[in-house]
Amino acid sequence: MKRKSIKKGDSLNRLLTEAAKCFSEKGFEGTTIAEIADKAEMSQGNIYVHFPSKIELFRSIIANEYAHAARRITETLNDDISMQSVISELFKCVRNKKFPMDHRLWLEIMAVAARDKDIRKTFLESDKLLHDSFVALLRRAAELGIICGSDDFDRVTEWVFALIDGMVARIADGAIIDIERQVEFSEHIVKMVFEGRIER
């Protein structure tokens with residue numbers, strides 16, 4: 001196969017994008033470096049220049065995807081915050097099947113993290129970054145009087161993340177067909193919590 005001439009930054013972005021697609025489609029164990037190289041239109045040796053192993057490539061995808069999501073939340077902090085903007089940011093990853101990552105990839109990351117200590121370490125570090133970003137958003141929203149104050153935004157964030165992780169898993173396996181209906185219902189419940197109409 002003829003390889004295209006690609007700049008270094010473009011090459012890395014293409015590699016990460018194509019690797020994420022492969023992991024999403026075939027899973028971590030079912031994906032080979034050769035397949036990723038073919039999809040990314042680069043040599044296997046070039047992949048190893050960037051990442052010494054498939055695990056390191058997978059860990060990089062996790063860190064990049066979660067950092068991207070955390071940046072989006074931080075950007076929301078800098079915008080005009082409203083109840084709707086906080087809730088919309090939360091459920092963006094459920095509505096948009098490609099943000100921060102494909103639902104099947106999200107589910108694969110959680111499954112591999114449950115089995116592999118190195119992946120779990122990266123997952124937990126990345127999840128903490130996302131968690132802390134969302135807690136900061138909730139605190140700011142509470143300071144502005146947009147949501148009810150809480151002495152435990154960590155607990156609220158864990159509940160919301162569990163809700164979203166569950167929805168993403170059910171979407172990935174095809175159990176949720178009418179995504180918009182389920183998201184609207186979940187947004188309504190979260191809004192009631194944020195308004196203090198449901199006891200925390």
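Which residues are linked with R95 in a network of salt bridges? In this predicted model, R95 is joined in such a network by E180 and E187, and the structure as a whole holds 15 salt bridges. Side chains of opposite charge can pair when their charged atoms come close. Three further pairs, taken one after another below, show the surroundings in which such contacts are found.

One of the salt bridges lies within helix α4, which spans residues 54-78, and it brings together R59 and E56, whose closest N and O atoms are 3.2 Å apart. Because the two residues stand three places apart in this helix, about one helical turn separates R59 from E56. As for their exposure, R59 has a relative accessibility of 19% and counts as buried, because the limit for that class is under 20%, whereas E56, with a relative accessible area of 30%, is partly exposed.

A second pair is formed by R104 and D102, and here the closest N and O atoms are 3.6 Å apart. In this salt bridge the arginine R104 is partly exposed at 40% relative accessibility, while its partner D102 is buried at 15%.

The third pair joins K117 to D118, whose side chains meet in a salt bridge with an N to O distance of 3.6 Å. K117 counts as exposed, its relative accessibility being 61%, and D118, at 31%, is classed as partly exposed.

Away from these charged pairs, the backbone at E41 deserves a look on the displayed structure. E41 is not a glycine, and yet its phi is positive, at about 55°. Where along the chain does E41 have its place? E41 sits in the loop between α2 (33-40) and α3 (44-50), and with a relative accessibility of 21% it counts as partly exposed.

The last stop is T157, a residue of helix α8, which covers residues 153-172. Is T157 buried or exposed? T157 has a relative accessible area of 0%, and it is therefore classed as buried. When residues up to four places away in sequence are left out of the count, T157 touches H131, F134, V135 and L138, so that the reader can follow its surroundings from helix α8 to these four named residues.

Conventions: Residues are numbered from 1 along each chain as its sequence is written. This is a predicted model: local features need pLDDT of at least 70, side-chain atom pairs count only at pLDDT 80 or more; totals for chains, interfaces and linings use all residues. Side-chain values use heavy atoms; hydrogens and water are left out. A salt bridge is a side-chain nitrogen of Lys or Arg within 4 Å of a carboxyl oxygen of Asp or Glu. Buried means under 20% relative accessible area, exposed over 50%, partly exposed in between (1.4 Å probe, protein chains only). Contact means heavy atoms within 4.5 Å.
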